[in-house]
Structure formats: C-alpha cells, structure tokens
Amino acid sequence: MKSFMAFPICSLIYIFILSIIYFYKPRIKSIENNIYKYIIITNIIGLIFEILCYVAVDMVDKYYFISMFILKGYVVYIFAWSLIFNIYVFMTTLSKKKKINVDVYYEKLQVISYILCAFFAAIMFCLPIYIYNDGTLTYTYGPGINILLILCGVIISIWIYKCIRNFKNLREKKYIPIIACIIMLSLVFVIQSSNRAILIATTGHSLIIFLMYFTIENPDVKLINQLELAKDQAEKANNAKTDFLSNMSHEIRTPLNAIVGFSQCIENADNLEEAKEDARDIVTASQNLLEIVNGILDISKIEADKMEIVNTEYNLREILDNLTKLILPRIGEKDIELKTNFALDLPDVLYGDSGKVKQIITNVLTNAAKYTEKGEINFNVSCVNNKNQCRLVITIKDTGRGIKTEQIDKLFTKFQRLDEDKNTTTEGTGLGLAITKRLVEMMGGKIVVQSEYGEGSTFTIYLTQEIRNGLYKKEELIENEILKFDNKKVLLVDDNKLNIKVGIKKLKEYNLDITSVENGFECINKIENNNKYDLILMDIMMPKISGVETLKRLKQIEDFNTPVIALTADAIQGRADKYLEVGFSGYLSKPIEDNELRKVLSKFISNKKEEKVEIVEEVKQEKNNQLDIDYLKENDIDVDSSIELLGDIEMYNDTLKDFLTECETRIPKMKEHLDNEDAANYAICMHSMKSDSKYLGFKKLAELSLNQELEGKNNNISYIQEHNQELMDEVNKIISIVKKYLGDE
C-alpha cells in the first residue's frame with residue numbers, strides 16, 4: 001500500500017518547485033492569477049494530507065482522533081480544491097455578451113465557495129468515516145465519503161454543462177485545464193472503482209496545475225511596465241499637444257484680431273494720418289503673427305533635420321546694436337532699465353551663421369522682457385580670442401520672476417510654459433527657448449541657466465565662431481531698380497488659363513518673351529521641336545502628366561539644360577526641398593509673390609546680358625469702370641486683395657470673365673469624375689478651382705475647393721460626395737454674383 005505514496009511525494013516535489021518559480025517571477029495582478037495562487041497552495045496542502053493518510057490508516061488504533069482528523073481533512077481538501085477550480089470554470093466561461101462587473105462577480109463566487117466549504121467541513125467532522133482493512137486492501141468509506149462523491153459529481157456535471165454551452169470556444173487555451181480536469185476525474189473514478197486503495201486524485205490535481213501554468217495569461221511584467229511607461233508618456237505628449245493647440249489658438253487669434261480690427265478701422269478712417277497709424281499697428285500685429293508661425297516652422301525643421309547652418313561673414317557688434325534697439329519696444333512702458341556691455345575686443349569680422357546667432361540672442365532677450373515687470377536687464381557679451389577662434393560668452397540677466405528649481409529641466413521642453421496660471425496674459429507658444437537650445441547645440445555651443453525663484457534668471461550662452469581678417473563690408477542693397485530681360489524667352493506651363501493669364505501679366509513687366517502651354521506633353525513637344533527657352537515655369541499638378549513626370553522626360557532629351565522652376569500652390573513646409581531633390585532648379589509658390597519671382601528671374605536669367613534700369617515712378621490712370629465693386633465686397637469677395645495681386649480693375653474684370661468661361665467646361669468635368677468616382681482627376685479640377693478662387697478673392701470657395709482637393713488626393717470618395725452639394729451651392733452662388741456684377745444676367 002505504501003508503494004502508492006510515490007505519487008503524492010513526487011507530485012509534492014514537483015509542485016513545490018513549480019510554486020517557487022511561479023511566485024518568484026513577477027506577475028500581473030489579475031483574477032486568473034489570484035485563482036491560480038489559491039489552487040497551487042491548496043494542492044500543496046492536499047498532497048501533504050494525502051501522504052499522511054497512508055500513515056494514518058496504520059496508526060488508527062493507537063491514535064484514532066489524529067488519524068480521523070487527517071482522513072477527514074483530506075476529504076475536505078478534495079471538496080475545497082474542486083470549489084476553487086469551479087470558480088476558475090465560471091470565470092473562464094463567463095459570457096462576454098452580458099454586462100457583468102467581473103470583479104463583483106468574482107467576489108460573489110468567492111463568498112459562496114467559502115460558505116459551502118465551511119458547511120461541508122462542519123458536516124464532515126460530524127459524520128463518521130470507516131476504514132476497511134483486510135490486510136491486502138485498505139480504503140475509507142461511510143456517509144462522509146458518499147456525500148463527497150455526490151457533491152463532486154454535481155460539480156463535474158456543472159463543468160460539462162459549461163463546456164457544452166461554450167462549445168465554440170473550446171479551442172481557446174483557457175479551456176484546456178477544464179477539459180483535462182473532467183477527463184482526469186473520470187479516470188480517477190475508473191481506477192478507484194477497481195482499486196479503492198489508490199489515492200491519485202491529488203496527483204491529478206497537480207497535473208492540472210501544470211497545464212494551467214502554461215495557459216494563464218501572465219505576460220512579461222517588465223514589458224508591461226515599459227508599455228505602461230510608454231502609454232503615460234504618450235498621454236503626456238497628447239496632453240501637451242492639446243495644451244499647445246489651445247495656447248496656439250489664443251496666440252494666433254490675438255494678432256489676427258488686431259489685424260482684422262485695425263483693417264476695419266482703416267476702411268472707416270476719417271483722414272490719412274489716422275489710417276497710417278492703424279496701418280502701423282497692423283504691421284506690428286503681423287510681425288507678431290509671423291514670429292509665432294516661424295517658431296512652429298523652425299521647430300518642425302529642426303525635428304525633421306532640415307535646419308541647416310549657413311555660414312557667412314558678419315559684424316557681431318552691428319547685430320548686437322540692432323538687437324538692443326529692437327528689444328526696447330518689447331520692454332515698452334515697463335519700469336525696466338536695459339544695460340548693455342559689449343567687449344571692446346570683439347572681432348570686426350566673424351564667420352558663422354549670423355541669422356542663427358541673432359535668433360538665439362533675440363529669443364533669450366525677448367524672454368527676459370516678457371517675464372520681467374520691473375528692475376533691469378543686463379545684456380553682456382564678452383569673448384576669448386585664440387588665433388582664429390572667438391569664444392563668445394553672451395550673458396542675459398534679468399530681475400524677473402525667476403524659475404523654480406524643479407522646473408528648470410522643463411524650461412527647454414517644446415510647448416512647455418512654466419507657471420501657466422501666472423502667465424495667462426503673457427504672449428508665447430513655449431517654443432522660443434526649445435528652439436534656442438536646439439540652435440545653440442547645432443552650432444556646437446552650450447546654454448546654461450541659473451535662477452532664483454522670485455529674484456530673477458541668468459542665461460549664459462557659449463558659442464565659438466571663426467575670426468576673419470579685415471574689415472566687415474556691409475552688403476549694399478540696390479533699391480529702386482528693376483531687371484529688364486529684352487528678348488529672353490520663358491515657357492509657362494499650366495493647365496489653368498487664369499494662372500497663365502496672371503503669370504503672363506507679371507512676367508511682361510520684365511520685358512520677357514513669353515510662351516504658354518496647358519499641359520506637360522505640349523511642353524515636351526516644344527523642346528523636342530528645338531524651341532529654346534531661357535527659363536521654364538512648370539506647374540506641378542496637371543492632368544494627363546504631372547510636372548514632376550514632365551521634368552523627368554525633359555531631362556531625357558539630349559542637350560536639354562534649361563532651368564525648370566516648380567510652380568505650385570503646394571506650399572507646405574519641406575516641399576521646396578522635395579522639388580529640388582527631384583531635379584527642379586527652383587521653387588515658386590502660388591499665388592506668385594513679386595519679390596520671389598524677381599529673385600528667381602535674377603538668379604536664372606540675369607547673368608545673360610540683362611540691363612538694370614531705374615524705376616520711374618508711374619502714376620497709372622485706372623480705366624473708369626462703371627461696374628459696382630461694392631456689390632462684390634458686400635458678398636464677401638476680397639476684391640482689394642485680388643486687384644493688388646492682378647494689377648488693376650481692368651485685369652480683374654477680364655479674369656472674372658475667364659473664370660465664367662472656365663466654369664462652363666470645368667463643372668461638367670467635375671460631375672463626370674464624381675460619377676465615375678475618379679478621385680485623382682476630381683482633385684485636379686479642385687486644384688484649378690482653388691487657384692482661381694484665391695486669385696479672384698472667393699475666400700469660401702477657395703477653402704471648400706482645398707478641402708475637396710485634399711480628400712481627392714486621399715481617395716476619400718465618401719467625403720467628396722457628402723460635401724459636394726455644399727461646394728456646388730457656393731460655385732453657383734459665385735457664378736450668379738459674378739454674372740450680375742458683369743451685367744450678364
């Protein structure tokens with residue numbers, strides 16, 4: 001009989017080792033792990049009781065009460081383990097369709113199991129258990145054993161019922177221990193029916209525990225912690241983005257409100273002097289807005305590794321003097337004294353990125369002016385010159401509110417503004433110092449902050465620049481001159497007739513010989529037929545063949561070396577570099593700005609016998625137009641901006657007529673592409689509609705067209721169809737207004 005003790009002893013050793021591995025390894029807090037913990041502990045107790053049972057039957061005559069306690073304790077274990085495993089079965093087969101609070105459900109099952117186990121133990125220790133021993137066979141029997149068998153049978157029946165109800169889910173690994181337990185207990189009944197002396201139920205429980213170890217959901221806790229950390233960081237980043245967008249909305253609206261407000265004041269100004277004063281305020285607000293946008297673009301460039309160091313010779317003292325003058329308006333009427341001290345041994349000529357140096361100092365000076373209400377700002381620049389190297393030490397010390405020690409590390413974090421509750425009236429996006437630190441590091445320098453909260457801050461910037469010999473010669477800007485290119489040929493490629501008309505008008509001011517074509521194939525034919533041009537302006541988004549593809553085919557033509565400029569409304573950050581990378585010589589965004597056009601023409605044509613002619617002040621007598629421009633303005637059409645862009649009212653009126661003519665063919669094309677769900681060509685139509693609308697001041701139509709174009713590029717047919725009626729309503733409205741204005745209705 002005692003030979004069967006090998007089963008529980010081996011099981012105990014194995015389960016003990018398994019429990020050490022399980023409890024030593026970090027694990028997640030879950031209901032499944034909690035149940036498994038109780039199952040494994042209960043099994044260890046049961047194995048000990050089973051081993052003791054073999055001893056108890058031999059000493060029952062001598063130690064009757066101890067033997068009975070051991071035997072009845074083992075019976076209670078069998079029932080207790082079954083109840084714990086029963087909880088696992090119920091939690092595993094819990095319907096996902098029912099809206100049940102899992103934690104509450106688990107707690108209820110635990111309470112019921114405790115009550116049942118206590119009730120069974122009370123009954124068991126009241127009922128007698130008998131031992132049969134004929135010298136060859138030993139086993140227990142009696143009312144207590146019969147009740148155990150009946151209850152275990154009921155519990156197993158419940159497990160079988162649960163499995164049948166969840167038949168479709170039986171392939172899931174969590175059901176493996178349940179099925180194995182049903183099979184194992186069935187085998188126990190069969191084996192003990194033939195030999196009741198063999199106690200293998202507890203060993204079977206150990207086998208189930210072994211299977212469960214590989215089926216319970218217990219992922220790597222270290223990985224979970226990393227994921228939780230990443231999640232927290234993502235949430236913080238998302239919150240920072242939300243705060244930034246909220247802050248940016250305020251920051252952008254402030255100068256915009258000033259621009260709109262003062263613009264309306266100019267319209268209603270009683271005299272020229274009042275209008276000029278309002279115009280100066282508009283310029284100031286515009287510069288503030290530009291500063292905000294530039295900050296966003298700068299941080300975008302830096303993070304995309306697009307920011308470059310452009311080194312030139314410059315005079316640092318001149319920059320410092322200019323910055324001193326520029327910071328005074330920032331200080332305004334505050335009770336602040338600006339003190340400057342620039343070293344006498346600053347070299348006359350330094351070689352480095354003067355623009356970045358100016359931006360770094362400006363950002364720190366501006367920050368000092370923002371957060372200092374009274375006292376002083378000390379702006380000191382010293383240097384250590386060694387051979388051809390100048391080690392600059394730029395110190396800006398203020399008596400402002402200072403920075404808390406624990407917040408200094410956050411100072412250079414983008415979109416971060418410290419003491420947000422105190423800074424609600426202070427302008428800023430939280431980008432200035434983040435950009436400053438990145439720029440300093442890009443230039444191989446270092447920035448150090450020392451601050452005492454409530455007393456002030458000191459920013460020290462260390463930069464190394466190269467010393468150049470000689471005196472700095474300031475570049476003279478030639479004003480009141482314009483370039484004339486007599487007989488120089490330009491090919492303008494654009495599918496939009498309105499864009500061509502505007503382009504021709506702008507190019508004619510330079511005495512250029514202009515040829516225009518409406519698609520890339522016509523351009524290629526011109527070049528293949530030996531037509532020579534000094535410059536090609538190429539639209540990017542065209543039907544049939546794009547500007548990029550057209551350029552690729554042009555470069556395959558032998559001896560083709562004409563500069564090709566990308567001409568596009570795609571003015572998103574980084575696009576210029578993209579077009580240069582694919583082979584374009586330059587880039588112009590639409591609507592074309594006069595200064596940018598001048599730069600392009602000067603760069604690519606001016607070295608071919610151009611002549612510089614002084615601008616003669618011309619007073620253009622505008623044609624007396626009887627049409628009612630106020631009617632257009634009343635209908636929210638930005639006529640003034642369009643006339644400024646197109647040159648005069650006569651050109652504007654002609655362009656309106658061209659727009660109506662274009663709509664006659666464009667609208668049917670739009671409908672055709674929409675019916676065919678051809679998003680790509682529909683986007684091209686919207687691209688042209690957007691360009692026309694921008695030129696003619698149709699603000700709402702331009703916005704709707706842009707949205708449709710972008711969604712067309714993304715092949716979002718559902719969005720296009722959903723918002724097409726809104727677009728067409730606006731198109732028909734504009735057509736009606738234009739026709740009435742031109743007198744065509």
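Helices here are DSSP runs of H or I with at least four residues, strands are runs of E with at least two, and both are numbered from the N terminus. With that in hand, lysine 72 can be placed in helix α3. The model you are looking at is predicted, so local features need pLDDT of at least 70 and side-chain atom pairs count only at pLDDT 80 or more, while totals for chains, interfaces and linings use all residues. Residues are numbered from 1 along each chain as its sequence is written, and side-chain values use heavy atoms, with hydrogens and water left out.

Let us stay with lysine 72 for a moment. Is this residue buried or exposed? Lysine 72 is buried, with a relative accessible area of 10%; buried means under 20%, exposed means over 50%, and partly exposed is in between, using a 1.4 Å probe and protein chains only. Leucine 127 is 55 residues from lysine 72 along the chain, and the C-alpha atoms of the two are separated by 9.4 Å.

Now step back to the helices that lead up to α3. Helix α1 covers residues 6–24 and helix α2 covers residues 31–56; they pack at an angle of about 155 degrees, with their axes 10 Å apart. Axes are lines fitted to C-alpha atoms, for helices over the stretch in contact, and the angles run from 0 to 180 degrees between N-to-C directions. The two helices are therefore roughly antiparallel to each other, a label for angles over 145 degrees (under 35 counts as roughly parallel, 65 to 115 as roughly perpendicular and the rest as oblique). In handedness, α1 passes α2 in a left-handed crossing, meaning that the near helix is turned anticlockwise from the far one by less than a right angle; clockwise would make the crossing right-handed.

Moving along the chain, the axes of α2 and α3 come within 9 Å and cross at roughly 160 degrees. That makes α2 roughly antiparallel to α3. Here, too, the crossing is left-handed as α2 passes α3.

Next come the aromatic rings. Rings of Phe, Tyr and Trp (its six-membered ring) pair if their centres lie within 6.5 Å; planes under 30 degrees apart count as stacked, over 60 as edge-to-face and the rest as tilted. By this rule the count comes to 20 aromatic pairs. In one of them, the rings of tyrosine 64 and phenylalanine 65 have centres 5.7 Å apart and planes at 80 degrees, so the pair is edge-to-face. Tyrosine 64 is partly exposed, at 42% relative accessible area, while phenylalanine 65 is exposed at 71%.

How are the rings of phenylalanine 69 and phenylalanine 125 arranged? Their centres lie 5.9 Å apart and their planes are at 35 degrees, so this pair is tilted. Phenylalanine 69 lies in helix α3 (residues 64–92) and phenylalanine 125 in the loop between α4 (102–124) and β1 (130–133), so the pair ties together parts that are 56 residues apart in sequence. Both are partly exposed, phenylalanine 69 with a relative accessible area of 49% and phenylalanine 125 with 38%. Elsewhere, ring pairs link Tyr14, Tyr22, Phe23, Tyr36, Phe210, Tyr213 and Phe214 into a cluster.

Rings also have charged partners. A charge sits over a ring if NZ of Lys or CZ of Arg is within 6 Å of the ring centre and within 35 degrees of the ring normal. Lysine 162 places its charged end over the ring of phenylalanine 90, 4.4 Å from the centre. Likewise, the charged end of arginine 468 sits over the ring of tyrosine 351, 3.9 Å from the ring's centre.

What about the cysteines? The structure holds 0 disulfides, a disulfide being a pair of cysteine sulfur atoms within 2.5 Å. For cysteine 181, the nearest cysteine sulfur is that of cysteine 152, 9.9 Å away. Cysteine 181 is buried at 0% relative accessibility, and cysteine 663 is buried at 4%.

Finally, some loops. Asparagine 511, in the loop between α13 (497–508) and β12 (513–517), has a positive phi of about 55 degrees although it is not a glycine. Asparagine 511 is partly exposed, with a relative accessible area of 36%. Lysine 544 has a positive phi near 75 degrees; this lysine 544 sits in the loop between β13 (535–539) and α15 (547–555) and is exposed at 71%.
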